[in-house]
Amino acid sequence: MRVLSGVQSSGKVHLGNYLGALKQHLELQAENECFYFIANYHALTTVQDPEVMRQRTLDVALDYLAIGLDPNKAALYRQTDLPEVCELAWILSCVTGKGLLERAVSYKDKIDKGLTPSMGLFTYPVLQAADILIVSCDFVPVGKDQVQHIEMTQDMAGYFNNTFGGGEEILKRPEPRLNQAMIVPGIDGQKMSKSYGNAIELFDTPSATKKRIMSIVTDSTPVEDPKDPATCNVFAILSLMASPDELADWEARYRAGGTGYGDVKKRVHELFEEVFGEARERREMLARDLDYVEDVLVTGASKAHRVAEPLMDRVRQACGLATARLAPSYRLARNAVTPIRKPRTNG
Ligand code: TRP
């Protein structure tokens, strides 16, 4: 199966992002042909500081590579390295009614939050549809909030095919695949979210991470008293990371009394370091080898091009849109996929 998903970075990744999306993206790479891209054109609807844009774009690449995206399996690229998505977005916008976009919930949400109603924000779903349709993918792993955009993508594929397909499905109808909905509580027990200030970041410094975990909010039941795991934040976070056996053990200790919250927090911290400690080191190493990261992104874009170019040729032909033939060498250069070297481990 071919899979595509886009990531629009809104800052530092946290445990909720990992369990809600990243982890599932990584799991898909074993058995599928995955295209993951950094949605920097989309980010431009809200991020309008070039330094922040550059930093966040790089951060997404580093985050994904650090936690285990294998660039020889999945293609990781910047949206801007596949500029044909803008071309396809234009073509889609010519067969898509304004009414469809007016029904977009995320647009209304963003306006309600005080964002300026730019054309970019309004046509955001058209660009997203182009991202998806340009690689002819089978499904798109997304969170619940994005399902409407995928349904709009299905509609837009249909409008295009009806208008220009002559009975053929030129643009393939994708299906949404809902990421497993995990309720990841933050250190205060509310849903973990950057905007609530309750997140446990994946790549904070070791000491800041420890401090954060030790500050998970608990009640004041004395150490010797029995405790209720069902209402405890530390237990809730522990249950996302510990094995079922270990969890059953902690549950018994809660009910028996004599276990302090501090001990549980220490265990949460240990488990966190087991999973993310190495990733943190890897991220630091990658940040010192940005040529490697650039290689990954360029190669990823080449892989996407190999799929996107022939499709765009068909799309242009179907619409009767002629473009000058590009020199074959130029195409080849853009399509070349060379193996990616290993990142440097020192320096
Ligand atoms: N809109 C998505 C989000 O905010 C990001 C995105 C852009 C995307 N293009 C996409 C997701 C294509 C899936 C497929 O999370």
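The following exchange goes through the ligand site, one helix pair and one loop residue of a predicted model.

Colleague: What makes Tyr124 a polar contact of the ligand?

Modeller: A polar side-chain atom of Tyr124 lies 2.8 Å from a nitrogen atom of the ligand. The cut-off for a pair of N or O atoms is 3.5 Å, so the pair counts as a polar contact.

Colleague: Which distances apply to Gln128 and Asp131?

Modeller: For Gln128, a polar side-chain atom is 3.1 Å from a nitrogen atom of the ligand. For Asp131 the value is 2.8 Å, again to a nitrogen atom of the ligand. Both are therefore polar contacts under the limit of 3.5 Å.

Colleague: How much of the ligand does the protein bury?

Modeller: The protein buries 86% of the 360 Å² that the ligand exposes when taken alone.

Colleague: Which residues come nearest to the ligand, and which element gives the most to the shell?

Modeller: The ligand has 13 residues around it, and His42, Tyr124, Gln128, Asp131 and Gln146 come nearest. Helix α8 gives the most to the shell, with four residues. Two or more residues come from each of β1 (2-7), α8 (124-133) and β4 (139-142). By kind, the shell holds seven nonpolar residues, five polar and one charged.

Colleague: Why are α3 and α14 called roughly perpendicular?

Modeller: Helix α3 (residues 50-67) and helix α14 (residues 290-319) pack at an angle of about 90°. Angles from 65 to 115 degrees count as roughly perpendicular, so the pair earns that name. Their axes are 11 Å apart.

Colleague: What makes the contact between these two helices, and how do its residues divide into nonpolar, polar and charged?

Modeller: On the α3 side there are Leu58, Ala61, Leu62 and Leu65. Helix α14 brings Leu290, Tyr292, Val293, Val296 and Leu297. The division is nine nonpolar, no polar and no charged. Tyr292 is in the contact, and Tyr counts as nonpolar here.

Colleague: Where is Ser136, and what is its phi?

Modeller: Ser136 sits in the loop between α8 and β4. Its phi is near 50°, a positive value in a residue other than glycine. Most residues other than glycine have a negative phi.

Notes: Residues are numbered from 1 along each chain as its sequence is written. This is a predicted model: local features need pLDDT of at least 70, side-chain atom pairs count only at pLDDT 80 or more; totals for chains, interfaces and linings use all residues. Side-chain values use heavy atoms; hydrogens and water are left out. A residue is near a molecule or strand if one of its heavy atoms lies within 4 Å of it. A polar contact is a pair of N or O atoms within 3.5 Å; within protein, one must be able to donate a hydrogen and the other to accept it, and residues adjacent in sequence count only if both atoms are side-chain atoms. Accessible areas come from the Shrake-Rupley method with a 1.4 Å probe; for residues, only the protein chains shown count as cover. Axes are lines fitted to C-alpha atoms, for helices over the stretch in contact, and angles run from 0 to 180 degrees between N-to-C directions. Angles under 35 degrees count as roughly parallel, over 145 as roughly antiparallel, 65 to 115 as roughly perpendicular and the rest as oblique. Contact means heavy atoms within 4.5 Å.
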